[in-house]
Amino acid sequence: MSNSKLNASIEAIEYIKSKIDINSIIGVGTGSTVNYFIEELAKIKHTFKGAVSSSDASTQLLEKLGVEVFELNDVNEILVYVDGADEVDADHHLIKGGGGAHTREKIVASASNEFVCIVDNSKLVHILGNFPLPVEVLIKSRSYVAREIVKIGGTPELRKDFLTDQGNQILDVKDLKIENPSLLEQRINLIPGVLDNGIFANCKPQKVIVGKD
Ligand code: 5RP
């Protein structure tokens, strides 16, 4: 049990409570912090319509706790998206994808009216990049993408025994100097074969809640 993750989740529920009504759809991220959030969200499930989930794992937990899960294609509006992060800098730029779900997470975050990030204070950093940057790649493009990443100074490592929910692979990239998160996010995503990378700079949270221990 992590008190700070639980406390961040409780604070997020308090924050969104006043905004939601019976027609509201809530976007839900992925990870151990979000699992606490899902538990808290299920306690108020009678006050909103349902959720759009960013991963199969979150979908399973939401449904187990009685929260209806909708496909992104089937909803017109997501009121708020709540998700964790692996690193957060002072400008709210993030590294995500420790759980390998960042591609769908970024889509649901982008489709939402507001993005609220919930973290414990171990995730706060001065400059992003100590956490290896996850890059989701089509399996057939993996070696090419890895060579292109080396050219921009990164050291890619294939995440072993892991496939994303979409059936792709993840390269975890060390040694990147992420001085301009927005530019690097775009640069890596321009490599053919990359689905998305875990920098959230062009789609960053409006609010970051740091859970107290
Ligand atoms: C999954 C993510 C998670 O939000 C991130 O890895 C943080 O996870 P946790 O809350 O377990 O520390 O991006 O793809």
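Here are some questions and answers about this predicted model, for a reader meeting it here.

Q: How many salt bridges does the count come to?
A: Let us begin with charge. Side chains of opposite charge can pair when their charged atoms come close. A salt bridge here needs a Lys or Arg nitrogen within 4 Å of an Asp or Glu carboxyl oxygen. By this rule the count is 13.

Q: Which residue forms a salt bridge with aspartate 83, and where is that residue?
A: In this pair the closest N and O atoms are 2.9 Å apart, and the partner of aspartate 83 is lysine 96. The bridge links distant parts of the chain, 13 residues apart, with aspartate 83 in strand E4 (residues 80–83). Lysine 96 sits in the loop between strand E6 (94–95) and helix H4 (102–110).

Q: Is lysine 96 buried or exposed?
A: Buried means under 20% relative accessible area. Its salt-bridge partner, aspartate 83, has a value of 0% and is buried. Lysine 96 has a relative accessibility of 3%, so this residue counts as buried.

Q: Which strands does the salt bridge between lysine 174 and glutamate 157 tie together?
A: The closest N and O atoms of lysine 174 and glutamate 157 are 3.7 Å apart. Lysine 174 belongs to residues 169–174 and glutamate 157 to residues 155–158, so the bridge ties together parts 17 residues apart in sequence. The strands are E10 for lysine 174 and E9 for glutamate 157.

Q: Are lysine 174 and glutamate 157 buried, partly exposed or exposed?
A: Partly exposed covers the range between the buried limit of 20% and the exposed limit of 50%. Lysine 174 has a relative accessible area of 40%, and glutamate 157 has 43% relative accessibility. Lysine 174 is therefore partly exposed, and glutamate 157 counts as partly exposed.

Q: Are glutamate 179 and lysine 177 buried or exposed?
A: The side chains of glutamate 179 and lysine 177 meet in a salt bridge of 3.6 Å, N to O. As for their surroundings, both glutamate 179 and lysine 177 are exposed.

Q: Which element gives the most residues to the largest nonpolar core?
A: This core has 23 residues, and Ile26, Val28, Phe37 and Leu41 have the most contacts inside it. Elements that each supply at least two of its residues include helix H1 (3–17), strand E1 (25–28), helix H2 (32–43) and helix H3 (56–64). With five residues, the element that gives the most is H2.

Q: What does isoleucine 26 touch, and which residue is its bridge partner in E2?
A: Leaving out residues up to four places away in sequence, isoleucine 26 touches Ile16, Leu41, Phe48 and Val80, among others. E1 pairs with strand E2 (residues 50–53) in the parallel sense over four bridges. In E2, the bridge partner of isoleucine 26 is alanine 51.

Q: Which residue in E4 stands opposite glycine 27?
A: E1 also pairs with E4, in the parallel sense and over three bridges. Both faces of E1 are covered, with Ile25 and Gly27 buried on one side and Ile26 and Val28 buried on the other. Opposite glycine 27 in E4 stands tyrosine 81.

Q: What handedness does the β-α-β unit of E1, H2 and E2 have?
A: The two strands of this unit, E1 and E2, pair in the parallel sense. Together with H2 they make a β-α-β unit that is right-handed.

Q: Which strands stand at the edges of the sheet with order E5-E6-E12?
A: This is an open sheet of three strands with antiparallel pairing. Each edge strand has a single partner strand, so one side of each is left without a neighbour in the sheet. Those at the edges are strand E5 (87–88) and strand E12 (199–200).

Q: Which residue in E12 is the bridge partner of leucine 94?
A: E6 and E12 run antiparallel and are joined by two bridges. The bridge partner of leucine 94 in E12 is phenylalanine 200.

Q: Which side chain does a polar contact of 2.9 Å join to serine 53?
A: Serine 53 is found in strand E2 and, at 6% relative accessibility, counts as buried. A polar atom of its side chain lies 2.8 Å from the backbone oxygen of serine 55. The polar contact of 2.9 Å joins the side chain of serine 53 to that of threonine 59.

Key: Residues numbered from 1 in each chain as written. Predicted model: local features only at pLDDT ≥ 70, side-chain atom pairs only at ≥ 80, totals over all residues. Heavy atoms only, no water. Buried < 20%, exposed > 50% of the residue type's maximum accessible area, 1.4 Å probe, protein only. Core = buried A, V, L, I, M, F, W, Y, C linked by side-chain atoms within 4.5 Å. Contact = heavy atoms within 4.5 Å. Pairing = 2+ DSSP bridges. Right-handed = clockwise from strand over helix to strand, strands pointing away. Polar contact = N/O pair within 3.5 Å; in protein donor to acceptor, adjacent residues only side chain to side chain.
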